[in-house]
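Colleague: Could you go through this model with me, one label at a time? I would like to hear which value stands behind each word.

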Amino acid sequence: MALPLFPAVAALGASFGVLARTAHVGAVEAVVMSATTFAGSSQVAAISVLGAGGSVAAAVVAALLLNARYVPIGISVAQGFRGRILTRLAEAQLVVDESWALSGGGTPRFDKPMLLGVGAMLWIGWVGGTAVGSVAGQAIGDTSAFGLDGAFAALFLALLATQVRGRSRIQVAVAGAAIAAILIPLTPAGVPIIAATAAVAAGWRRA
Amino acid sequence: MSAGWVTVAAVGVGTVLLKAVGPVGVAGRQLPPAAERVLELVAPAILAALVVTETFASGRHLVADARLAGVGAGLVCVLLRAPFWVVVLCGALATAAVRALQ
(Lines give C-alpha, C1' and ligand atoms only; values in the text may rest on other atoms or scores of the structure.)
Protein backbone atom coordinates (compact mmCIF):
# COMPACT_ATOMS: atom_id res chain seq x y z
CA MET A 1 0.00 0.00 0.00
CA ALA A 2 3.02 2.25 0.34
CA LEU A 3 4.45 1.42 -3.08
CA PRO A 4 2.73 4.36 -4.85
CA LEU A 5 4.71 6.67 -2.54
CA PHE A 6 7.94 5.63 -4.26
CA PRO A 7 7.56 7.79 -7.40
CA ALA A 8 6.26 10.69 -5.29
CA VAL A 9 9.24 10.58 -2.93
CA ALA A 10 11.68 10.13 -5.82
CA ALA A 11 10.22 13.23 -7.51
CA LEU A 12 10.47 15.19 -4.26
CA GLY A 13 14.08 14.01 -3.95
CA ALA A 14 14.72 15.26 -7.47
CA SER A 15 13.24 18.65 -6.60
CA PHE A 16 15.55 18.80 -3.56
CA GLY A 17 18.49 18.01 -5.84
CA VAL A 18 17.49 20.84 -8.18
CA LEU A 19 17.13 23.20 -5.22
CA ALA A 20 20.63 22.28 -3.99
CA ARG A 21 22.05 22.99 -7.43
CA THR A 22 20.40 26.42 -7.60
CA ALA A 23 21.78 27.14 -4.09
CA HIS A 24 25.29 26.25 -5.35
CA VAL A 25 25.49 23.16 -3.15
CA GLY A 26 27.24 20.34 -5.00
CA ALA A 27 25.65 17.08 -6.14
CA VAL A 28 27.82 15.02 -3.77
CA GLU A 29 26.85 17.17 -0.77
CA ALA A 30 23.16 16.91 -1.72
CA VAL A 31 23.25 13.12 -2.07
CA VAL A 32 25.24 12.66 1.16
CA MET A 33 22.72 14.89 2.94
CA SER A 34 19.76 12.86 1.64
CA ALA A 35 21.45 9.59 2.65
CA THR A 36 22.37 10.71 6.18
CA THR A 37 19.72 13.26 7.20
CA PHE A 38 16.83 11.60 5.29
CA ALA A 39 14.23 14.16 6.34
CA GLY A 40 12.97 16.17 3.39
CA SER A 41 11.54 19.31 4.92
CA SER A 42 14.63 19.91 7.07
CA GLN A 43 16.96 19.47 4.10
CA VAL A 44 14.94 21.91 2.01
CA ALA A 45 14.97 24.37 4.92
CA ALA A 46 18.74 24.17 5.42
CA ILE A 47 19.61 24.51 1.73
CA SER A 48 17.08 27.33 1.28
CA VAL A 49 18.73 29.29 4.10
CA LEU A 50 22.17 28.80 2.49
CA GLY A 51 20.79 29.69 -0.94
CA ALA A 52 19.31 32.92 0.43
CA GLY A 53 22.74 33.89 1.77
CA GLY A 54 22.06 32.87 5.36
CA SER A 55 24.72 31.57 7.77
CA VAL A 56 25.58 27.93 8.35
CA ALA A 57 24.35 28.28 11.94
CA ALA A 58 20.95 29.55 10.79
CA ALA A 59 20.66 26.70 8.28
CA VAL A 60 21.55 24.06 10.89
CA VAL A 61 19.20 25.47 13.55
CA ALA A 62 16.30 25.66 11.06
CA ALA A 63 16.83 22.04 10.02
CA LEU A 64 17.24 20.63 13.53
CA LEU A 65 14.14 22.46 14.81
CA LEU A 66 12.17 20.74 12.05
CA ASN A 67 13.60 17.37 13.03
CA ALA A 68 13.03 17.77 16.77
CA ARG A 69 9.67 16.03 16.23
CA TYR A 70 11.62 12.78 15.80
CA VAL A 71 12.20 12.73 19.57
CA PRO A 72 8.50 12.17 20.47
CA ILE A 73 7.96 10.14 17.28
CA GLY A 74 10.94 7.90 18.14
CA ILE A 75 9.80 7.44 21.73
CA SER A 76 6.33 6.42 20.51
CA VAL A 77 7.82 3.41 18.66
CA ALA A 78 10.75 2.71 21.02
CA GLN A 79 9.04 -0.38 22.48
CA GLY A 80 9.46 -2.18 19.15
CA PHE A 81 13.24 -1.72 19.01
CA ARG A 82 15.39 -4.45 20.52
CA GLY A 83 18.82 -5.90 19.84
CA ARG A 84 22.28 -4.41 19.51
CA ILE A 85 22.71 -0.69 19.90
CA LEU A 86 24.19 -0.23 16.40
CA THR A 87 21.26 -2.14 14.88
CA ARG A 88 18.80 0.10 16.69
CA LEU A 89 20.77 3.20 15.68
CA ALA A 90 20.65 2.13 12.02
CA GLU A 91 16.98 1.12 12.13
CA ALA A 92 16.07 4.41 13.83
CA GLN A 93 17.22 6.27 10.71
CA LEU A 94 14.38 4.67 8.72
CA VAL A 95 11.83 6.39 10.94
CA VAL A 96 10.33 9.23 8.90
CA ASP A 97 6.84 10.74 9.09
CA GLU A 98 5.39 8.49 6.39
CA SER A 99 6.97 5.19 7.50
CA TRP A 100 6.02 5.92 11.11
CA ALA A 101 2.39 6.77 10.35
CA LEU A 102 1.81 4.04 7.74
CA SER A 103 3.11 1.37 10.14
CA GLY A 104 0.75 2.50 12.90
CA GLY A 105 3.44 4.16 15.02
CA GLY A 106 2.18 5.19 18.44
CA THR A 107 -0.72 2.71 18.31
CA PRO A 108 -1.08 -0.84 19.67
CA ARG A 109 -1.06 -2.20 16.10
CA PHE A 110 2.45 -0.79 15.37
CA ASP A 111 4.09 -2.98 12.72
CA LYS A 112 7.88 -2.69 12.92
CA PRO A 113 8.75 -4.77 9.82
CA MET A 114 6.46 -2.44 7.89
CA LEU A 115 8.18 0.62 9.38
CA LEU A 116 11.57 -0.70 8.22
CA GLY A 117 10.27 -1.82 4.81
CA VAL A 118 8.50 1.43 4.00
CA GLY A 119 11.42 3.43 5.43
CA ALA A 120 13.97 1.58 3.28
CA MET A 121 11.84 2.01 0.16
CA LEU A 122 11.44 5.74 0.81
CA TRP A 123 15.18 6.08 1.48
CA ILE A 124 16.04 4.54 -1.90
CA GLY A 125 13.56 6.82 -3.67
CA TRP A 126 14.71 9.92 -1.80
CA VAL A 127 18.46 9.36 -2.29
CA GLY A 128 18.06 8.20 -5.91
CA GLY A 129 15.79 11.14 -6.70
CA THR A 130 18.27 13.56 -5.16
CA ALA A 131 21.08 12.15 -7.32
CA VAL A 132 19.02 12.54 -10.49
CA GLY A 133 17.86 16.05 -9.59
CA SER A 134 21.25 17.36 -8.55
CA VAL A 135 22.92 16.05 -11.72
CA ALA A 136 20.15 16.78 -14.23
CA GLY A 137 19.33 20.10 -12.60
CA GLN A 138 16.87 22.34 -14.39
CA ALA A 139 16.54 19.84 -17.23
CA ILE A 140 13.82 17.99 -15.30
CA GLY A 141 11.76 21.15 -14.97
CA ASP A 142 9.70 22.59 -12.15
CA THR A 143 8.54 19.66 -9.99
CA SER A 144 6.12 21.86 -8.05
CA ALA A 145 3.84 21.53 -11.11
CA PHE A 146 3.25 17.88 -10.10
CA GLY A 147 1.42 18.98 -6.93
CA LEU A 148 3.42 16.67 -4.67
CA ASP A 149 3.26 19.08 -1.73
CA GLY A 150 -0.54 18.90 -1.78
CA ALA A 151 -0.35 15.12 -2.19
CA PHE A 152 1.71 14.68 0.97
CA ALA A 153 -0.58 17.00 2.94
CA ALA A 154 -3.50 14.81 1.75
CA LEU A 155 -1.61 11.67 2.80
CA PHE A 156 -1.07 13.03 6.30
CA LEU A 157 -4.81 13.78 6.45
CA ALA A 158 -5.60 10.17 5.43
CA LEU A 159 -3.16 8.86 8.05
CA LEU A 160 -4.72 11.14 10.66
CA ALA A 161 -8.15 9.76 9.75
CA THR A 162 -6.96 6.27 10.75
CA GLN A 163 -5.95 7.67 14.14
CA VAL A 164 -9.02 9.61 15.22
CA ARG A 165 -11.11 6.94 16.87
CA GLY A 166 -12.83 8.05 20.06
CA ARG A 167 -13.48 11.36 21.66
CA SER A 168 -10.12 11.90 23.36
CA ARG A 169 -8.13 11.34 20.14
CA ILE A 170 -10.38 13.73 18.23
CA GLN A 171 -9.87 16.36 20.92
CA VAL A 172 -6.09 15.84 20.75
CA ALA A 173 -6.09 16.16 16.94
CA VAL A 174 -8.17 19.35 17.01
CA ALA A 175 -5.98 20.85 19.74
CA GLY A 176 -2.79 19.84 17.88
CA ALA A 177 -4.02 21.43 14.66
CA ALA A 178 -4.99 24.61 16.52
CA ILE A 179 -1.61 24.89 18.28
CA ALA A 180 0.21 24.45 14.96
CA ALA A 181 -1.95 27.05 13.18
CA ILE A 182 -1.48 29.61 15.95
CA LEU A 183 2.30 29.12 16.10
CA ILE A 184 3.10 29.09 12.36
CA PRO A 185 3.26 32.93 12.13
CA LEU A 186 4.94 33.27 15.53
CA THR A 187 7.76 30.70 15.62
CA PRO A 188 10.40 29.21 13.30
CA ALA A 189 9.30 26.22 11.19
CA GLY A 190 9.33 22.99 13.19
CA VAL A 191 8.36 24.56 16.50
CA PRO A 192 4.59 24.38 15.70
CA ILE A 193 4.83 20.60 15.23
CA ILE A 194 6.81 20.01 18.41
CA ALA A 195 4.52 22.31 20.42
CA ALA A 196 1.48 20.44 19.07
CA THR A 197 2.51 17.41 21.13
CA ALA A 198 1.32 19.43 24.15
CA ALA A 199 -2.15 18.68 22.74
CA VAL A 200 -1.99 15.25 24.39
CA ALA A 201 -3.08 17.12 27.53
CA ALA A 202 -6.45 17.73 25.81
CA GLY A 203 -7.18 14.01 25.73
CA TRP A 204 -5.19 12.89 28.74
CA ARG A 205 -7.89 12.86 31.44
CA ARG A 206 -10.20 10.73 29.32
CA ALA A 207 -7.46 8.45 27.98
CA MET B 1 35.45 22.93 4.39
CA SER B 2 32.72 24.68 2.39
CA ALA B 3 29.54 26.04 3.98
CA GLY B 4 27.64 23.27 2.18
CA TRP B 5 29.70 20.47 3.72
CA VAL B 6 29.63 21.96 7.24
CA THR B 7 25.84 22.24 7.01
CA VAL B 8 25.47 18.69 5.65
CA ALA B 9 27.66 17.28 8.44
CA ALA B 10 26.03 19.22 11.28
CA VAL B 11 22.45 18.56 10.15
CA GLY B 12 23.28 14.91 9.47
CA VAL B 13 24.85 14.24 12.88
CA GLY B 14 22.12 16.20 14.68
CA THR B 15 19.29 14.38 12.89
CA VAL B 16 20.83 10.93 13.43
CA LEU B 17 20.97 11.70 17.17
CA LEU B 18 17.41 13.12 17.30
CA LYS B 19 16.06 10.02 15.54
CA ALA B 20 18.05 7.77 17.92
CA VAL B 21 16.64 9.15 21.18
CA GLY B 22 13.60 6.83 21.20
CA PRO B 23 14.82 3.65 19.46
CA VAL B 24 18.27 3.69 21.14
CA GLY B 25 17.66 5.55 24.41
CA VAL B 26 14.24 4.23 25.42
CA ALA B 27 14.11 0.97 23.42
CA GLY B 28 12.76 -2.24 24.93
CA ARG B 29 12.01 -0.75 28.33
CA GLN B 30 8.55 -1.36 29.71
CA LEU B 31 7.10 2.11 30.20
CA PRO B 32 4.54 2.83 32.93
CA PRO B 33 0.95 2.39 31.64
CA ALA B 34 0.32 6.12 32.08
CA ALA B 35 3.26 6.96 29.79
CA GLU B 36 2.02 4.48 27.19
CA ARG B 37 -1.40 6.12 27.14
CA VAL B 38 0.22 9.53 26.64
CA LEU B 39 2.36 8.17 23.78
CA GLU B 40 -0.73 6.80 22.02
CA LEU B 41 -2.00 10.38 21.86
CA VAL B 42 1.24 11.70 20.33
CA ALA B 43 0.40 10.33 16.86
CA PRO B 44 -2.91 12.18 16.36
CA ALA B 45 -1.33 15.38 17.74
CA ILE B 46 1.67 15.30 15.40
CA LEU B 47 -0.30 14.16 12.34
CA ALA B 48 -2.85 16.94 12.84
CA ALA B 49 -0.01 19.46 13.13
CA LEU B 50 1.61 18.05 9.95
CA VAL B 51 -1.66 18.40 8.04
CA VAL B 52 -1.88 22.07 9.09
CA THR B 53 1.76 22.93 8.36
CA GLU B 54 1.93 21.01 5.06
CA THR B 55 -1.33 22.62 3.88
CA PHE B 56 -1.15 26.20 5.13
CA ALA B 57 2.43 27.09 6.09
CA SER B 58 4.58 29.09 3.69
CA GLY B 59 7.56 30.09 5.76
CA ARG B 60 6.05 31.98 8.68
CA HIS B 61 2.85 32.82 6.81
CA LEU B 62 -0.48 31.05 6.77
CA VAL B 63 -1.65 30.87 3.15
CA ALA B 64 -4.47 29.18 1.26
CA ASP B 65 -2.98 28.02 -2.05
CA ALA B 66 -3.24 25.07 -4.45
CA ARG B 67 -2.31 22.65 -1.66
CA LEU B 68 -5.73 23.27 -0.12
CA ALA B 69 -7.36 21.78 -3.23
CA GLY B 70 -5.15 18.72 -2.84
CA VAL B 71 -6.15 18.26 0.79
CA GLY B 72 -9.82 18.85 -0.10
CA ALA B 73 -9.62 16.14 -2.75
CA GLY B 74 -7.85 13.94 -0.22
CA LEU B 75 -10.64 14.51 2.30
CA VAL B 76 -13.25 13.40 -0.25
CA CYS B 77 -11.19 10.24 -0.90
CA VAL B 78 -10.89 9.58 2.84
CA LEU B 79 -14.67 9.97 3.30
CA LEU B 80 -15.19 7.52 0.42
CA ARG B 81 -12.79 5.13 2.20
CA ALA B 82 -10.36 5.12 -0.74
CA PRO B 83 -6.95 3.44 -0.27
CA PHE B 84 -3.90 5.59 0.53
CA TRP B 85 -2.53 5.55 -3.00
CA VAL B 86 -5.80 6.99 -4.36
CA VAL B 87 -5.63 9.76 -1.73
CA VAL B 88 -2.05 10.61 -2.77
CA LEU B 89 -2.88 10.52 -6.48
CA CYS B 90 -6.02 12.66 -6.14
CA GLY B 91 -4.15 15.07 -3.85
CA ALA B 92 -1.40 15.52 -6.44
CA LEU B 93 -3.81 15.87 -9.37
CA ALA B 94 -6.01 18.44 -7.62
CA THR B 95 -3.01 20.49 -6.44
CA ALA B 96 -1.39 20.36 -9.88
CA ALA B 97 -4.67 21.28 -11.62
CA VAL B 98 -5.31 24.34 -9.45
CA ARG B 99 -1.66 25.40 -9.74
CA ALA B 100 -1.82 25.11 -13.53
CA LEU B 101 -4.92 27.34 -13.62
CA GLN B 102 -3.33 30.07 -11.51
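Colleague: Let's begin with charge: how far apart are the mean positions of the positive and negative charges of chain B?

Modeller: They are 4 Å apart, taken over 7 positive and 4 negative charges. Lys and Arg count as positive and Asp and Glu as negative, while His and the chain ends are not counted. Each charge is placed at NZ of Lys, CZ of Arg, CG of Asp or CD of Glu. In chain A there are 12 positive and 7 negative side chains, and the centres of those two sets lie 16 Å apart.

Colleague: And what are the ground rules for the rest?

Modeller: This is a predicted model, where local features need pLDDT of at least 70 and side-chain atom pairs count only at pLDDT 80 or more, whereas totals for chains, interfaces and linings use all residues. Residues are numbered from 1 along each chain as its sequence is written, chains are lettered from A and ligands numbered from 1 in the order in which they are written, and side-chain values use heavy atoms, with hydrogens and water left out.

Colleague: What makes chain A as compact as a globular protein of its length?

Modeller: First its make-up: chain A has twelve helices and zero strands, where helices are DSSP runs of H or I with at least four residues and strands are runs of E with at least two, numbered from the N terminus. The radius of gyration of chain A is 18 Å, close to the 17 Å that the globule rule gives for 207 residues, so the label fits. That radius is taken over C-alpha atoms, and the rule is 2.2 Å times the number of residues to the power 0.38. The C-alpha trace of chain A spans about 55 × 40 × 35 Å along its principal axes.

Colleague: What does the radius of gyration of chain B look like beside that of a compact globule?

Modeller: Chain B has 19 Å, but a compact globule of 102 residues would have a value near 13 Å. Its elements follow the pattern α-α-β-β-α-α, and its C-alpha trace spans about 50 × 50 × 25 Å along the principal axes. Contacts, meaning heavy atoms within 4.5 Å, add to the picture: among those in chain B between residues at least 6 apart in sequence, 30% join residues at least 24 apart. In chain A, residues 24 or more positions apart account for 71% of the contacts with a separation of 6 or more.

Colleague: Why is the aromatic pair called stacked?

Modeller: The structure holds one aromatic pair over all chains. The rings of Phe16(A) and Trp126(A) have their centres 5.8 Å apart and their planes at 25°, so the pair is stacked. The test is on rings of Phe, Tyr and Trp (its six-membered ring): they pair if their centres lie within 6.5 Å, and planes under 30 degrees apart count as stacked, over 60 as edge-to-face and the rest as tilted. Phe16(A) lies in helix α1 of chain A and Trp126(A) in helix α8 of chain A, so the pair ties together parts that are 110 residues apart in sequence.

Colleague: How do you know whether Phe16(A) counts as buried or exposed?

Modeller: Buried means under 20% relative accessible area, exposed over 50% and partly exposed in between, with a 1.4 Å probe and protein chains only. Phe16(A) has 1% relative accessibility, so it counts as buried. Trp126(A), at 6%, is buried as well.

Colleague: What makes helix α5 of chain A mostly covered?

Modeller: Six of the eight residues of this helix, 70-77, are buried; among them are Tyr70(A), Ile73(A) and Val77(A). Their cover includes α4, α7 and α11 of chain A together with α1 and α2 of chain B.

Colleague: Why is His24(A) called exposed?

Modeller: His24(A) has a relative accessible area of 75%, so it is exposed. This residue sits in the loop between α1 and α2 of chain A, and its phi is positive, about 60°, although it is not a glycine.

Colleague: Which chain B residue has a positive phi near 60° without being glycine?

Modeller: That is Arg81(B), in the loop between α3 and α4 of chain B. At 73% relative accessibility, Arg81(B) counts as exposed.

Colleague: What makes Pro108(A) exposed?

Modeller: Its relative accessible area is 72%, so the label holds. Pro108(A) belongs to the loop between α7 and α8 of chain A.
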